[in-house]
Amino acid sequence: MEAQSYQSNPAAIRLSELTNQIRQAIDGLFGNRTFWVIADVTSHTYKEQSNFHYFELVEKDKTSAKILTKIASRAWGNAAVNISNFERATGQKFKNDINVLVQVSVQYNPAFGLQLNLIDIDTNFTLGLFEQQRKETLERLLRENPDFIRKAGEHFITRNNSLVLNRVVQRIAIISSATSAGYQDFRHTLENNSFGYHFEIDDYFTMVQGEANAKAFLSKLVDVFQSDKPYDALFVIRGGGAQTDFLIFDNYELSRAIAKFPIPVITGIGHQKNETIADLMAHTATKTPTKAAELIIAHNRAFEESMLSLQKMVLIKTYQLINFHKDRLTHINQVTISTTRDLLQDQHRNIMNLSRMVLTNPKIIISNKQKDLSNVIGNIASYNRMYFANKRGYIGHFQSVVRLMSPQNILNKGFAIIKVNGRIASNANAIEEGTELNVRLASAEIKTTVTSKSIINGNDEFNV
């Protein structure tokens with residue numbers, strides 16, 4: 001049947017002839033040429049026995065993730081060695097969904113179709129992608145969190161690294177893997193410190209490698225925060241490993257949480273080449289778990305030494321103060337003794353003088369008082385005579401006045417005393433016509449009746 005079709009159409013050729021022509025055309029066009037291609041890896045499988053890598057290189061639309069083109073690829077021999085070198089240099093496994101820059105040659109095999117043979121892979125391109133992602137994450141952290149993340153020069157200032165570490169760090173939380181050798185080193189260094197410091201440690205175990213575990217790590221941060229325990233510090237511990245193992249510490253959400261965490265975060269991540277973003281956001285970054293433990297021991301030792309130094313200074317100052325006051329007391333004692341002796345001598349002299357005065361002054365005082373008393377007695381006798389003489393003169397004067405002013409003497413001068421109803425009348429108001437009057441003269445008393453009454457102005461003169 002096939003022969004008949006072939007004979008009936010002389011222009012027909014076999015498929016193998018066509019594929020050979022395609023192979024010759026492709027070989028003629030591409031020949032020994034190689035191309036550097038940027039693409040994503042997918043459908044990857046690795047045959048360890050033969051050291052063969054089978055995969056597809058694809059290019060996706062950046063906006064929709066739609067596959068624009070896809071081609072089968074493989075690597076073996078030196079190319080497989082180059083892939084191993086790439087993995088060691090970058091820490092990135094050659095696997096699905098990584099973006100790579102690879103050198104390829106084009107090959108068409110009639111049995112397997114069109115495919116690309118990988119010749120080499122650019123390590124720097126992949127490392128550059130990591131760095132670009134890291135740069136974008138840092139820029140996003142600064143852009144979206146200005147309240148607690150900012151940059152000053154080459155340093156990042158976060159809420160966490162602005163916290164003041166307690167003078168003594170004793171109660172700590174650790175986020176690490178339970179099987180991590182770095183965690184064991186950290187615990188061993190703390191628990192066997194040469195100063196005998198005791199630490200209260202709470203473990204929060206989780207996976208600490210691979211970006212896919214960032215959410216689990218973040219949940220442990222939340223657990224530490226919600227524990228409401230008064231931790232002095234939170235330690236993030238991880239030992240060494242490939243570079244991609246540390247991508248978890250470049251995660252945006254994780255780094256943001258560390259930057260605003262209210263407890264000082266100290267990282268002890270065994271990654272000597274570069275700092276992770278978590279290191280930049282944390283309070284303090286150390287290169288290894290052991291260094292993190294040594295940092296806290298040294299921190300506590302610095303406090304102890306400051307206390308010992310303060311103790312020595314207090315003792316020295318106390319000794320100096322005691323000696324100073326001892327010297328002052330000695331001086332005061334000497335001054336007191338000297339001053340007391342002088343005071344006693346002065347008082348003794350004063351008492352002696354006073355005793356002499358007590359013995360002699362009373363005699364003098366008594367003698368003076370006797371003289372004063374004699375003078376007083378003499379003065380009293382003299383004043384007595386003078387006083388009584390003066391008083392007798394006053395009495396004689398008063399007697400003369402009394403005699404002159406006596407009623408009888410007045411009556412003798414021609415005056416009369418008028419009585420109305422037995423009472424002396426000093427004015428004429430009570431005297432009316434017909435009133436009976438008693439008129440007293442010097443030698444007789446006349447009884448009469450008023451026949452008339454006239455008023456005088458007081459200016460009339462008396463004729464005696």
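A residue is called buried when its relative accessible area is under 20%, and because L254 has 0% relative accessibility, L254 counts as buried. The structure discussed here is a predicted model, and what follows describes its helix packing, its two sheets, a hairpin and some backbone features.

**L254 and the packing of α6 on α7**

L254 lies in helix α7, and its surroundings lead directly to a neighbouring helix. Apart from neighbours within four places in sequence, L254 is in contact with F217, L218, L221, I248 and F249. The C-alpha atom of L254 is separated by 9.9 Å from that of A216, although these two residues are 38 residues apart along the chain.

Two packed helices are described by the angle between their axes and the distance between the axes. For helix α6, residues 214-226, and helix α7, residues 252-259, the angle is about 20° and the axes are 9 Å apart. That angle makes α6 roughly parallel to α7, because angles under 35 degrees count as roughly parallel. The crossing in which α6 passes α7 is left-handed. On the α6 side the contact is made by F217, L218 and L221, and on the α7 side by E253, L254, A257 and I258. Sorted by class, the contact of α6 with α7 comprises six nonpolar residues, no polar residues and one charged residue.

**The open sheet**

In what order do the five strands of the open sheet lie? The order is β9-β8-β10-β11-β12, and the pairing is parallel. The strands β9 (200-205) and β12 (284-286) stand at the edges with a single partner strand each, so one side of each has no neighbour in the sheet. From one strand to the next, the twist of this sheet averages 20°.

Within the sheet, strand β10 (residues 233-238) runs parallel to strand β11 (residues 265-269), and five bridges join the two. V236 has T267 in β11 as its bridge partner. Helix α6, already described through its contact with α7, also packs on this sheet, where α6 touches β8, β9 and β10 and makes an angle of about 165° with the direction of β8. Helix α5 (residues 181-191) lies across β8 (171-176), β9 and β10, and α5 runs at about 165° to β8.

**The closed barrel**

A second set of five strands forms a closed barrel that runs β1-β2-β3-β5-β4, with mixed pairing. Here the twist averages 55° from one strand to the next. Strand β1 (residues 34-47) pairs with strand β4 (residues 99-109) in the antiparallel sense over seven bridges, and F35 stands opposite V104 in β4.

Helix α2 (residues 15-30) packs on this sheet by touching β1, β4 and β5 (113-121), and the direction of α2 makes about 135° with that of β4. Helix α3 (residues 78-90) lies across β2 (52-60), β3 (67-75) and β5, running at about 50° to β5.

The helices that lie on the strands are listed together below.

| Helix | Strands touched or crossed | Angle and reference strand |
|---|---|---|
| α2 | β1, β4, β5 | about 135° to β4 |
| α3 | β2, β3, β5 | about 50° to β5 |
| α5 | β8, β9, β10 | about 165° to β8 |
| α6 | β8, β9, β10 | about 165° to β8 |

**The β6-β7 hairpin**

Strand β6 (residues 149-152) pairs with β7 in the antiparallel sense over four bridges, and T158 in β7 is the bridge partner of I149. The two strands form a hairpin with two residues between them, and G153 in the turn has a positive phi of about 70°. Which residues of strand β7 (residues 155-158) are on its covered face, and which on its uncovered face? F156 and T158 make up the covered face, whereas H155 and I157 make up the uncovered one.

**Positive phi outside glycine**

Most residues other than glycine have a negative phi. S43 has a positive phi of about 55° although S43 is not a glycine. The place of S43 is in strand β1, and with 42% relative accessibility S43 counts as partly exposed. D228, likewise a residue other than glycine, has a positive phi near 60°. D228 lies in the loop between α6 and β10 and is exposed, with a relative accessible area of 68%.

Technical notes:
Residues are numbered from 1 along each chain as its sequence is written. This is a predicted model: local features need pLDDT of at least 70, side-chain atom pairs count only at pLDDT 80 or more; totals for chains, interfaces and linings use all residues. Side-chain values use heavy atoms; hydrogens and water are left out. Axes are lines fitted to C-alpha atoms, for helices over the stretch in contact, and angles run from 0 to 180 degrees between N-to-C directions. Angles under 35 degrees count as roughly parallel, over 145 as roughly antiparallel, 65 to 115 as roughly perpendicular and the rest as oblique. A crossing is left-handed if the near helix is turned anticlockwise from the far one by less than a right angle, and right-handed if clockwise. Contact means heavy atoms within 4.5 Å. Ala, Val, Leu, Ile, Met, Phe, Trp, Tyr, Cys and Pro count as nonpolar, Asp, Glu, Lys and Arg as charged, and the others, Gly among them, as polar. Two strands pair if DSSP finds at least two bridges between them. Buried means under 20% relative accessible area, exposed over 50%, partly exposed in between (1.4 Å probe, protein chains only).
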